[in-house]
Amino acid sequence: MHSFGYRANAVVTFAVTILAVMCGMASLSDNFNSPSPTADVKVLNINWFQKQPNGNDEVSLTLNISADLSSLFTWNAKQVFVFVAAEYETPQNALNQVSLWDGIIQSKEHAKFWIHTTNKYRFTDQARYLMPLFSSGNNLRGKDFNLTLHWHIMPKTGKMFADKIVMTGYSLPEEYR
């Protein structure tokens, strides 16, 4: 006869195997979901545009952020991390990204939102920090930029998924104010 320990081990091993198979199937079933989120980010006002004492350009913006990310929430979505980034090109870098606002959405009920805010984080050209001898740090004057709404879906099981919506056609003034 088999001992109690041997039988308990067999039951626990079987249960863990079934749990692993179910988690794998659950994770794969999320691949059949095709979300269709919508978003719109508008610059309402450039509050100020100045040169910092260290030589870098800095901008303060008033933004309207509206989004419907409810289609991102499936039974496997734990939460969604969302952020708005300003993206622009400089001679030193093909892509510069500056995060302006972020948030965590924890349920489908909060996934449809409208926010009127100023940028939560500084919109600063940091070329002077990266290459102090060769760069002026004033790469934002007259610069065209895009506002991009990025999201990262954090699942209960499986891999994290990320995507974005890009809004083009924004530019900064030629002169400081």
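User: How much space lies in the largest pocket of this protein, and which residues are closest to its centre?

Analyst: In this predicted model, the largest pocket holds about 300 Å³ of space. It is lined by 15 residues, and the closest to its centre are Asp30, Asn31, Ile153, Lys159 and Phe161.

User: What makes you say where the largest pocket lies relative to the two domains?

Analyst: Look at who supplies the lining. Domain 1 (1–31) and domain 2 (33–171) both give residues to the lining, so the largest pocket lies between them.

User: What is the lining of the largest pocket made of, by class?

Analyst: Six residues are nonpolar, seven are polar and two are charged. Asp and Lys count as charged, and Ile and Phe as nonpolar.

User: How do you know that domain 1 and domain 2 touch, and how many residues take part?

Analyst: Contact here means heavy atoms within 4.5 Å. The protein is divided into domain 1 (1–31) and domain 2 (33–171), and the contact takes six residues from domain 1 and seven residues from domain 2. The domain centres, taken over C-alpha atoms, are 43 Å apart.

User: How much area do the two domains bury, and which residues of domain 1 lose the most?

Analyst: They bury about 500 Å² between them, with 41% of it on carbon and sulfur atoms. On the side of domain 1, Ala26, Ser27 and Asp30 lose the most area to domain 2, together 68% of what that side buries. The domain 1 residues touching domain 2 divide into two nonpolar, three polar and one charged.

User: How many salt bridges and polar contacts cross that interface?

Analyst: Zero salt bridges are found across the interface of domain 1 and domain 2. A salt bridge needs a side-chain nitrogen of Lys or Arg within 4 Å of a carboxyl oxygen of Asp or Glu. The count of residue pairs in polar contact, both at pLDDT 80 or more, is zero too.

Notes
Residues numbered from 1 in each chain as written. Predicted model: local features only at pLDDT ≥ 70, side-chain atom pairs only at ≥ 80, totals over all residues. Heavy atoms only, no water. 1 Å grid on protein atoms, 1.4 Å probe; cavity = no way out; pocket = protein on both sides within 12 Å on 5 of 7 lines; lining within 4 Å. Points joined across faces, edges and corners; volume = space filled by probe spheres on them. Domains from an automatic or database assignment. Buried area = accessible area lost by both parts, 1.4 Å probe. Polar contact = N/O pair within 3.5 Å; in protein donor to acceptor, adjacent residues only side chain to side chain.
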